[in-house]
Amino acid sequence: MGPTTHVQPVTDDQLVGAATNLIGEGFRLALLAAHDDGDTLRVVYLFLAGRPDRRTELVLTVPADNPTVPSLAQLSFQASRFEREMLDLYGITPVGHPQPRRLVRHAHWPEQWHPMRNDAGPAPEFAASGAFPFLTVDGAGVYEIPVGPVHAGMIEPGHFRFSVVGESILRLKVRLWFVHRGIERLFQGRAIGAAVDLAERISGDTSAGHALAHSLAVENTVGADLPDEAHRLRALLVELERLYNHVTDLGALANDVGFGLANAHAQRVREQLLRINAEVTGHRLLRGAIRPGGIVLQALPDPDRLQGLADDVAEIAELTLGNSVIYDRFAGTSVLGRADAEALSVLGYVARASGIVTDARLDHPTTDLPVTEVAATTGDVLARYTVRRDEFAASVALCRNLIDGHRGAIDIREELPAVAGAGSGVGIVEGWRGTIVHRVEVGADGALSRAKIVDPSWFNWPALPMSMTDTIVPDFPLTNKSFNLSYAGNDL
C-alpha cells in the first residue's frame, strides 16, 4: 500500500505560499502533472521529502477555457521547466514565468494544438519552421559549433550548440525533444494491471526501475500490500540493473580518453551481467519480471559470481585511475559545484558526486535495505567516475545480502484489490541514474486515466551545459558520458 500522500487543495492565491512553505521544510518539487477533467483542468504539484518519507500534493483547479496558474519559477528552476512542458502539452499558461517559451513542442508544431488535452484529436499537419532562436554569443574570436541532432552510431537525437573561443566553451545550449513519443498518453485507457510493458520501454536501460516505479504507483492507488520478500526481490533486480549500467559507463569513460583496454574488460563484465539477468528473469534487460501485484523470477543469481565480477571491476578502475594521463583528464574536468547542483535539484550519481546526500532507497524505502551511501565532493568527471565505481561495489554487497537472506518463493503474484472508485498513487524508485517518480490516476472503470513519469534525466540534463562552462570542446564527449543522460527518459 505504501505511504500516504497528503493532498492539499489550493487556490491561485494560496499556491505560491504553500509551495514556499514546503520548500522551506525541506521538500523538493518532484513532479508537476496537469489533468484534463473536461470543464476544468487540474494541476498536481507533488513535493517529496525523505528520512522520514513524506509526500504532499498541492492541487489547483482552473477553468478549461483560458487556463492560467501562478508560476513557481522564482522558487524552483525545475518548476519553470515543468510549467513550460505543461504550457506546451495542455495550454495552461504560467503567469509570471520569466521565459515561457516552448520546451517540448518544436516550432513546427501547430501553435494552438496541445496534444494532451482530451479534445486534441489527431495531430494536424506540421508546418515548416524557421531557425531556433539560440542565444548568440558575440565577441572577438567567438564562433559556433553545432552538433546533432543526428549523431554517429546508436545515440538518440539531441542538438548541442557550442559558443567557443579557441577551444574554450563560453556557452553550451542543449536542445532536446526530437523523439517525443507521447508515451504518457499511451497509458490512458489501459487496464490498471496491464501497462507495465509500456513502463519498461520508457528508457530501455532502466526497464526494471521504471517497471517498479509504475507497479508501486498502481499498488499505492488500489491499496495493495505485498509481502516483504517481494519488495526485496524487486530491489535485487534494480541493483542488477545498476551493475550492468555502471560498469558500461566505467569502460566508456576510459575509452573516451583512449584507454580501450579498460573498456574491453568492462564490456566483458557487462556481458556477464547481462547473461546473469537473462538467467534470473529470462530477459537480458530484466523485462517481464516486475509487475503490479508481484514479481516472477526464474532463478537467483550466484552471489559468488557477482563478487568475482566486483573484484574485476575494482581492478579495472585501479588500472584506469593509476594511469596519470587518464587521472589528469578526469580530475578538475567539467565541475558541477554543490551550489549549482542544489539549485538545479540534480539526482543520482550526478548529485552524489557533487556532495548531495540523496538516495530514494533510504528516503522513500519499500523495505529495510542495508544501503551503503556513496558520495564525493569535487563534482568533476573524476567524482562521477569514482561514485559509480564505489556504487558498483556497494551494490554487489547489497545483492549478496538480498540473495543470502531470501527464503521462500521467487514467484510471487498477489491479486490486486478491486478498484473502489477513482484514485491516485505514487511510486518512487532509486534507479541507476537516480530517483524515478511515477504518478498514476485510475478512473472508476478501473482503467488508467493518467500517468505522469519523471526520469532523473529530466532533472540532470540542465546540469550538463552548466558543468561545461570554461571546459574545452575536446572534453565534451568525456563530460557527456560522465553524466550519461537518457534522451528517451526525458523526451516522453
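## Charges over aromatic rings

In this predicted model, the charged end of Arg54 is placed over the ring of Phe27, at 5.3 Å from the ring centre. A second arrangement of this kind involves Arg388, whose charged end sits over the ring of Tyr349, 3.9 Å from its centre.

## Aromatic pairs

A pair of aromatic rings is described by the distance of the centres and the angle of the planes. With ring centres required to lie within 6.5 Å, the model has 10 aromatic pairs. One aromatic cluster is formed by Phe160, Phe162, Trp461, Phe476 and Tyr487.

## The sheet β13-β14-β15 and helix α5

Strands β13, β14 and β15, in that order, make up an open sheet of three strands with antiparallel pairing. Its edges are β13, covering residues 423-430, and β15, covering residues 448-454, each of which pairs on one side only. On average, and with direction ignored, neighbouring strands of this sheet are turned by 15° against each other.

Strand β14, residues 435-442, is joined to β15 by six bridges, and the two run antiparallel; Arg439 has Lys452 in β15 as its bridge partner. Helix α5, formed by residues 207-222, packs on the sheet and touches β13, β14 and β15, while its direction makes about 145° with that of β13.

## Annotated domain

An unreviewed UniProt entry lists residues 262-406 as "domain: NADH-quinone oxidoreductase subunit D". Over residues 262-406 the chain is 60% helix and 3% strand, and the C-alpha atoms at the two ends are 34 Å apart.

Note on methods
Residues are numbered from 1 along each chain as its sequence is written. This is a predicted model: local features need pLDDT of at least 70, side-chain atom pairs count only at pLDDT 80 or more; totals for chains, interfaces and linings use all residues. Side-chain values use heavy atoms; hydrogens and water are left out. UniProt positions are given in the numbering used here, feature names are shortened, and annotations may be inferred rather than shown by experiment. Helices (H or I, at least four residues) and strands (E, at least two) are DSSP runs, numbered from the N terminus. Rings of Phe, Tyr and Trp (its six-membered ring) pair if their centres lie within 6.5 Å; planes under 30 degrees apart count as stacked, over 60 as edge-to-face and the rest as tilted. A charge sits over a ring if NZ of Lys or CZ of Arg is within 6 Å of the ring centre and within 35 degrees of the ring normal. Two strands pair if DSSP finds at least two bridges between them. Axes are lines fitted to C-alpha atoms, for helices over the stretch in contact, and angles run from 0 to 180 degrees between N-to-C directions. Contact means heavy atoms within 4.5 Å.
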